[in-house]
Amino acid sequence: MKILIINGPNLNLLGTREPETYGNKTFEDYFTELQFKFRRIELSYFQSNMEGEIINQLHEANHKFDGIVLNAAAYTHTSLAIGDAVKAIETPVVEVHISNTHAREEFRHKSFIAANAKGVILGFGLKSYDLAITSFIKDEE
């Protein structure tokens, strides 16, 4: 099984950015933990602060991965284009968020991705990624 994790804008700052909301662990450190925990899965990781690069990565990943875990960050609430890219591909996508976006500002309550995602996991910190990966494993059983 092959799963791609795509992170959007500002998630490269995890570990230092708003630790009260996002924790104090870098994503790279967490990704190493995921690779160890899910040794039987080929995990790949991509991060970009640019909308077009995220869209290109979604297009390129189609049919090459069994699943995509997508944290589009702020683009979740603003990007029709990323939502359309998720809709356009056949590889299933699970939308994830570290924080509970519904407990935050009103504009974060709307997702342009959710309607075309396999599911949405939010509010469990970095464990949200773990839960998303597990959802793909459960589909294979």
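**Strand 4 and its surroundings in the predicted model**

Strand 4 and strand 5 (residues 119-122) run parallel and are joined by four bridges; strands count as paired when DSSP finds at least two bridges between them. Helices (H or I, at least four residues) and strands (E, at least two) are DSSP runs, numbered from the N terminus. The model is a predicted one, in which local features need pLDDT of at least 70 and side-chain atom pairs count only at pLDDT 80 or more, while totals for chains, interfaces and linings use all residues. Residues are numbered from 1 along each chain as its sequence is written, and side-chain values use heavy atoms, with hydrogens and water left out.

Within the pairing of strands 4 and 5, Val-94 has Gly-119 of strand 5 as its bridge partner. Strand 4 also pairs with strand 3, again in the parallel sense, over three bridges, and here Leu-70 is bridged to Glu-95 of strand 4. Between these two strands, the chain passes from strand 3 through helix 4 to strand 4 in a right-handed β-α-β crossover; right-handed means that, with the strands pointing away from the viewer, the path from the first strand over the helix to the second runs clockwise.

In a regular strand, side chains alternate between the two faces of the sheet. Strand 4 sends Val-93, Glu-95 and His-97 one way and Val-94 and Val-96 the other, and all are buried (buried is under 20% relative accessible area, exposed over 50%, partly exposed in between, with a 1.4 Å probe and protein chains only). Because five of its five residues are buried, strand 4 is largely enclosed by the rest of the structure.

His-97 deserves a look of its own. The UniProt annotation "active site", from an unreviewed entry, covers this residue and Tyr-22; such annotations are given in the numbering used here, with shortened feature names, and may be inferred rather than shown by experiment. His-97 is buried, at 4% relative accessible area, and its contacts (heavy atoms within 4.5 Å) include Asn-71, Ala-73, Thr-76, Phe-124 and Ser-128, leaving aside residues up to four places away in sequence. Ala-73, one of these partners, sits in the loop between strand 3 and helix 4 and is buried at 14%. The phi of Ala-73 is positive, near 55°, whereas most residues other than glycine have a negative phi.

Helix 4 (residues 80-88) has Ile-82, Gly-83, Ala-85 and Val-86 as its buried residues. They cover an arc of only 160° around the axis, which puts them on the same side of helix 4; the arc is that of the directions from the helix axis to the C-beta atoms. These residues pack against helix 3 (51-61), strand 3 (67-71) and strand 4 (93-97). The face turned away from the buried side carries the exposed Leu-80, Lys-87 and Ala-88.

After helix 4, the loop leading to strand 4 holds Thr-91, which is buried at 6% relative accessibility. A polar atom of the Thr-91 side chain lies 2.9 Å from the backbone nitrogen of His-63. Thr-91 also touches Ile-68, a residue of strand 3 with 0% relative accessibility. Among the further contacts of Ile-68 are Leu-4, Leu-58, Val-93 and Phe-136. The C-alpha atoms of Ile-68 and Lys-118 are 9.7 Å apart, although 50 residues separate them along the chain.

Methods:
Polar contact = N/O pair within 3.5 Å; in protein donor to acceptor, adjacent residues only side chain to side chain.
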